[in-house]
2 protein chains.
Amino acid sequence: MHKYKRIAQTIRERIQEGFYPLKSALPDQMKLCKEFDASRITIKRALEILIEEGYLYSRQGSGTYVMKNAGSVNAFDSLADEYPGVTEQLAGKEVESEILKFVIRNPLAKEVEKLLVEVDDFIYDIKRVRYVNGESIVIEHTIMPVSVIPGINKEVLSHSIYGYIRNELNLSFGGITRRITAEKPDELDRKYLLCTKEDPVLQVEQVVHLKDGTPFEYSITKHRFDKGGINVVDRYHN
Amino acid sequence: MHKYKRIAQTIRERIQEGFYPLKSALPDQMKLCKEFDASRITIKRALEILIEEGYLYSRQGSGTYVMKNAGSVNAFDSLADEYPGVTEQLAGKEVESEILKFVIRNPLAKEVEKLLVEVDDFIYDIKRVRYVNGESIVIEHTIMPVSVIPGINKEVLSHSIYGYIRNELNLSFGGITRRITAEKPDELDRKYLLCTKEDPVLQVEQVVHLKDGTPFEYSITKHRFDKGGINVVDRYHN
DNA sequence: AAGTGGTCTAGACCACGCG
DNA sequence: GCGTGGTCTAGACCACTTT
């Protein structure tokens, strides 16, 4: 474990335990240098982590303070997909997948644009319904380039695609761009999510990238309006 | 302008102009030190900015590379609210506000929890319809503590609350937590957003904080499903 | 083995807030 | 004016990838 991470962890715990009370000032950076036997740059790196996490803020010329709402920021609970950190949220719940469609074909124009592939490349076209505790929660329509993620089969689909990518293919995730909208249910939604015409769906259209920026998933997921929601945390950088 | 920001800007432009082609390797950090006449730490800070922005990624022992999708991440265009960066997106369009409700009262239990105020404090209770180019786009229900944001009046409401907070009260924004859901339209939505019972609304429930973590806004906004959407960009930190 | 990025140090000067 | 955080330097060692 690196020094700056250890220092950040120690300070984080002190905030959580109330040793540094909410809205109080931290000791100045020189004092922290002495206490942790570290250079000022290392202290500053530790503090930057906690600032990014919403525990601290600092004012030049004044000091570093504990946020009034420290630790109140919650992680995602998008029930939508398998993006890292999401499947764990479903831990303890029984998740099942029904495969409605699984073919390999050439991409449409929109898929070429989103996945940066060529028109004569091959892509997977996958449609699944996900059930949690026996209830249908979401319909996922997933497009992935075969060249980037080889070896997908029904066995993989019924478990975790993301686990396969990370553990079997040894690839690292990079980032994700989402567009979230409310939509009227189409025929498929009404059939599998048991929607009436008045029950809206929450739609998430997203492109997921590997660490090097290669897009590997373009997907559209639809949730029953009463079985999901997306939490987002933004931080404003001054 | 600080040195590391200038260096980051120069490299960003080189990527945008194709001087550093997509997926190519950048010169190593020592070469960049010499070119920009800077220390390695300063170079590294510049690179970290661009990594955070999705232009670059680096692999220890190997090098720093241009992302395959560099610059393809787009900023927000949430039509929902006035959070910094959003009103500018509406620039050029005619935005009007109709005030449906504007009172001062004591907070409800949920508002006490979200805004960290006391039950005998006072809060503004504001309901507005926003029109863009004469079309109703969104209904906003906003709760703010009077003690944190004093001096709100109809004059302020018909312009930008956020501009007032930043420019008149001289406060800095810190962060925001949102929950996004799809909902059935209620009576008010149907009346002002001209929804039928089958037209869903996209609801954003959010708490906005000042730089020091003080919550200053708890709001619920509802968009017509065909007049809005939220874009979100996440980055996965390995 | 050579070269790369990641971490860390000790010390300096600057910009800002506050009394 | 003093103390704070913000930026920057020159140099060192380590961890990792590549050859």
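In this predicted model, B:Asn133 is exposed, because its relative accessible area of 53% lies over the 50% that marks an exposed residue. The place of B:Asn133 in the fold is the loop between strand E4 (123-132) and strand E5 (135-145) of chain B, and its backbone has a positive phi of about 50° although the residue is not a glycine. Most residues other than glycine have a negative phi. A second residue with a positive phi is found in the other chain: A:Lys23, likewise not a glycine, has a phi of about 65°. A:Lys23 belongs to the loop between H1 and helix H2 (29-36) of chain A, and with a relative accessible area of 55% it counts as exposed.

A buried residue of chain A offers a contrast to these two loop positions. A:Asp125 is part of strand E4 (residues 123-132) of chain A, and it counts as buried because its relative accessibility is 1%, where the limit for a buried residue is under 20%. The side chain of A:Asp125 makes a polar contact with the side chain of A:His141, at 2.9 Å. When neighbours within four places in sequence are left aside, the residues in contact with A:Asp125 are A:Lys101, A:Phe102, A:Val103, A:Arg105, A:His141, A:Thr142 and A:Ile143.

From this single site one can step back to chain A as a whole, which holds 7 helices and 9 strands. Of its 238 residues, 48% count as buried, and among the contacts in chain A with a separation of 6 or more, 58% are accounted for by residues 24 or more positions apart. The domain assignment divides chain A into domain 1 (3-72) and domain 2 (78-231), and the centres of these two domains, taken over C-alpha atoms, are separated by 39 Å.

The relation between the two protein chains can be described by a superposition: a turn of 180°, with a shift of 0.0 Å along the axis, lays chain B on chain A with an RMSD of 0.1 Å. The two copies are therefore related as by a two-fold rotation axis. The same surface serves both copies, since 100% of the contact residues of chain B recur in chain A.

The DNA can be followed one strand at a time, beginning with DNA strand C. This strand is surrounded by 25 residues, of which the closest are A:Lys3, A:Tyr4, A:Thr42, A:Arg59 and B:Arg40. Of the atoms of DNA strand C that come within 4 Å of the protein, 65% belong to sugar and phosphate. An N or O atom in the side chain of A:Arg59 is 2.7 Å from a phosphate oxygen of DNA strand C, whereas a polar side-chain atom of B:Arg40 lies 2.4 Å from a base nitrogen of this strand. B:Gln60 also has a polar side-chain atom placed 3.0 Å from a base nitrogen of DNA strand C. The elements that each supply at least two residues of the surface near DNA strand C are helix H1 (3-17) and H3 of chain A, together with H3, strand E1 (56-59) and strand E2 (63-66) of chain B. H3(A) provides the largest share of this surface, with 4 residues, and by class the surface near DNA strand C has 4 nonpolar, 12 polar and 9 charged residues.

DNA strand D is surrounded by 26 residues, and the closest are A:Arg40, B:Lys3, B:Tyr4, B:Ser39 and B:Thr42. Sugar and phosphate account for 65% of the atoms of DNA strand D that come within 4 Å of the protein. Phosphate oxygens of DNA strand D lie 2.5 Å from a polar side-chain atom of B:Thr42 and 2.8 Å from a polar side-chain atom of B:Arg45, while for B:Asp37 a backbone N or O atom lies 3.5 Å from a phosphate oxygen of this strand. Two or more residues of the surface near DNA strand D come from each of helix H3 (40-52), strand E1 (56-59) and strand E2 (63-66) of chain A, and from each of helix H1 (3-17) and helix H3 (40-52) of chain B. H3(B) gives the most to this surface, with 4 residues, and the surface near DNA strand D has 4 nonpolar, 13 polar and 9 charged residues by class.

Methods:
Residues numbered from 1 in each chain as written. Chains lettered and ligands numbered in written order. Predicted model: local features only at pLDDT ≥ 70, side-chain atom pairs only at ≥ 80, totals over all residues. Heavy atoms only, no water. Near = heavy atom within 4 Å. Polar contact = N/O pair within 3.5 Å; in protein donor to acceptor, adjacent residues only side chain to side chain. Nonpolar A, V, L, I, M, F, W, Y, C, P; charged D, E, K, R; others polar. Least-squares fit on C-alpha atoms with pLDDT ≥ 70 in both. Contact = heavy atoms within 4.5 Å. Domains from an automatic or database assignment. Buried < 20%, exposed > 50% of the residue type's maximum accessible area, 1.4 Å probe, protein only.
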